[in-house]
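Please look over the structure shown below. The report that follows takes up one sheet, a lysine within it, and a set of charged pairs.

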Amino acid sequence: MTDIQREQEGKFKNFLVRLTKSPLYKDRLAKYNIDSIGMDHIQTLPLTTKEDLRNAGAFGHLAVKISEIAQYHESTGTTGEPSASWFTQEDMRVGGRQLQECGVRLTADDLVLIRFPYALALPAFLMQQAAWHTGAGVVPASGRTVVTPYPRVLNLMKRLQVTVLAGLPREMELLAEAARLIGLDVFKDLPALRAICVAGELMSDKRKEYIEMLWGVPVYNMYGSTETANIAAMCEYGTMHIVEQDFCVEVLHEDGSGPVTQGERGFAAISTLSHQASPLLRYFNEDIISVEPSMCACGRTMGKLVHYGRSKDRIVIGDTILDAYDIQEAVYSLTPAPDAWKVLEHEDGLHVLLDSHDAGQWSKEDIQTRLSEKLHLPVTIQIITDATLLDRVGLLNNVPSTKPVYIQKRNKD
C-alpha cells in the first residue's frame, strides 16, 4: 500500500462518520456498519445523483453547524437546477492546496489576475487561496461583470505586469480577440505573462494548443465542480493528475452498475474524502471521464484523468458516438481555428457554425470534408459574418460575456 493509499484509507473512515451527520446520508447509511467498511467496499455504498442534491435542497447535505460555515456556493445550473455546496475555512484551505498541485508552480513573485466570475462560482476563490498559500498576489478581475470589461483587463495585465492569468478557457479566447481588436500585441506588450490556468469548461488537447498559440505561454487545466472543488490538476507535462489524498474517483457504466475497464470512457462517481461542510458519497455527476495509472515524468504517480464532457452533450447518430471532447478536437484542428463556433445536431449529421476574423483563409468545402472525416458523420458548414456567435463591438463596449452553448442537441420529440 502506498503512502497516498494509506492516507486515503485513514480519511475514508472519518469521511463515513461525517456523512452520517448529513441529512441526505443519515438514513441512507443507517443499514451499514460503517466501522467495517473500507475503501475496497465503496462500490457497495449508494450513488448520489444530481437529482438527489436538488431534492435535498440547500441544507440537505450540510454536515456541520452553520456557525462553522465560511462560504456558500452554487453551481451554474448548466445541466438543470443549481445545486448547493458549503465550505468551512478548512475546506477553502484544502481547496487552495488542491490547486497548488497544478504545474504552474506559483511563487511569491507571481501576480495572478483572476478572471473567473466571483459571483457564487467557486474557482475564483480557490485560485485566490492557492495564490495566497504561495505568497502570490491577486488581481480580482472577475468575468461576466461590467466592472472589468475586456479592454480594462488587458490594460491591467500590461500596467501591472501580471505573470499568471486564470479563468475559463472561453475567457482566454475572448481576451485574445479583444487584444487583437484594440491593437495590443500580447507577445510584445505582456512580457511578464508566463502561464495561464483554466477551469470550468471542457478543454481538449487541440483547444489547449490553440490557447497556447494565442498567448505564447503554457496553459494548465484543472478539473472539478462547485459541488466537489478541484479534483485533478494538470502538471508541467500536460497530464491531469487526480488529487488522490482528497478524492476517490470511480469510472462507471452509464447505469452506475459497476466500473468500466481501466482507461476506458465511463461516467464519473466522486467521493470527497476531505470535504467537511457538505461531503459527497459517490457523486454521479454526469461527466464522462477516463482514469488510468500514470508514471509521469513530473514524478507524480496519481491517476491520470481525461475529461470528455458531460453526458448531456454526447451525440449518438447511428453507430457513431461523439463526446464534446471529440467535437472540440475536430473544430480546433481547423486552420485557422475559429474565434467562435457552435454545433447543431441534426437527425443524420451535424451543422457547424463558424466565425473567424481570418475566415478568408477558409475553404468551405475543405472544412466540411475535414470535419466529416474526423467526426465520421455528414457535416454541413455555415460561416457566420454577423454578431450571432461573437459580438466584437460588445466585446469592447462593456457588455459582459455569457456562458456559451457549444453543442445544441436536436429535440427528438
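Six bridges, 6 in number, join strand β17 (residues 340–345) to β18, and the two strands run antiparallel. The model is predicted. A hairpin of 4 residues makes the connection from β17 to β18. One bridge pair across these strands is Lys 342 with Leu 353 of β18.

**The sheet**

β17 and β18 belong to an open sheet of 4 strands, in the order β19-β18-β17-β20. Its pairing is mixed. β19 and β20 (407–408) are the edge strands, each with a single partner, so one side of each has no neighbour in the sheet.

On its other pairing, β18 meets strand β19 (residues 379–383) in the parallel sense, over 5 bridges. Leu 350 has Val 379 of β19 as its bridge partner. His 351 has Thr 380 of β19. Helix α11 (residues 364–375) completes a β-α-β unit with β18 and β19, and the unit is right-handed.

How many residues of strand β18 (residues 350–355) are buried? The count is 6 of the 6, so the strand is largely enclosed by the rest of the structure. In a regular strand, side chains alternate between the two faces of the sheet. In β18, Leu 350, Val 352 and Leu 354 point one way. His 351, Leu 353 and Asp 355 point the other way. Both sets are buried.

**Lys 342**

Lys 342 sits in strand β17. Is this residue paired in a salt bridge or unpaired, and which side chain of opposite charge is nearest? Lys 342 is buried yet has no salt bridge. The nearest side chain of opposite charge is Asp 313, 11 Å away. A salt bridge needs the nitrogen and the carboxyl oxygen within 4 Å, so that separation does not qualify.

Lys 342 does have a polar partner. Its side chain makes a polar contact with the side chain of Gln 408, at 3.1 Å. Beyond residues up to four places away in sequence, Lys 342 touches His 351, Val 352 and Leu 353. It also touches Leu 389, Val 405, Tyr 406 and Gln 408.

**Charged pairs**

Side chains of opposite charge can pair when their charged atoms come close. The count for this model comes to 28 salt bridges. Three of them are set out here.

| Salt bridge | Closest N to O |
|---|---|
| Arg 180 and Glu 177 | 2.7 Å |
| Lys 312 and Asp 313 | 3.3 Å |
| Arg 314 and Asp 323 | 2.6 Å |

Take Arg 180 and Glu 177. They are 3 residues apart in helix α7 (residues 169–182), which means a separation of about one helical turn. An α-helix has 3.6 residues a turn, so residues three or four places apart point the same way. Arg 180 counts as partly exposed, at 37% relative accessibility. Glu 177 is buried, at 4% relative accessible area.

This pair also belongs to a network of salt bridges. The network links Glu 177, Arg 180, Asp 339, Asp 355 and Arg 392. Asp 355 brings the account back to β18, where it is one of the buried residues.

Asp 313 is the residue named above as the nearest opposite charge to Lys 342. Its own salt bridge is with Lys 312. Asp 313 is buried, with a relative accessible area of 14%. Lys 312 is partly exposed, with a relative accessible area of 35%.

Are Arg 314 and Asp 323 buried or exposed? Both are buried.

**Helix α10**

Helix α10 (residues 324–331) is mostly covered, with 7 of its 8 residues buried. Among them are Ala 324, Tyr 325, Asp 326 and Ile 327. Gln 328, Ala 330 and Val 331 are buried as well.

**Cys 197**

Cys 197 lies in strand β7 (residues 195–198). Its relative accessibility is 0%, so it counts as buried. Pro 169 is 28 residues away in sequence, while the two C-alpha atoms are 8.6 Å apart in space.

Which residues contact Cys 197, leaving aside its neighbours within four places in sequence? They include Cys 102, Val 104, Phe 116 and Met 127. Val 164, Leu 165, Ala 166 and Gly 167 are in contact too. Tyr 220 and Met 222 complete the list.

Terms used
Residues numbered from 1 in each chain as written. Predicted model: local features only at pLDDT ≥ 70, side-chain atom pairs only at ≥ 80, totals over all residues. Heavy atoms only, no water. Buried < 20%, exposed > 50% of the residue type's maximum accessible area, 1.4 Å probe, protein only. Pairing = 2+ DSSP bridges. Right-handed = clockwise from strand over helix to strand, strands pointing away. Lys, Arg positive; Asp, Glu negative; His and termini not counted. Polar contact = N/O pair within 3.5 Å; in protein donor to acceptor, adjacent residues only side chain to side chain. Contact = heavy atoms within 4.5 Å.
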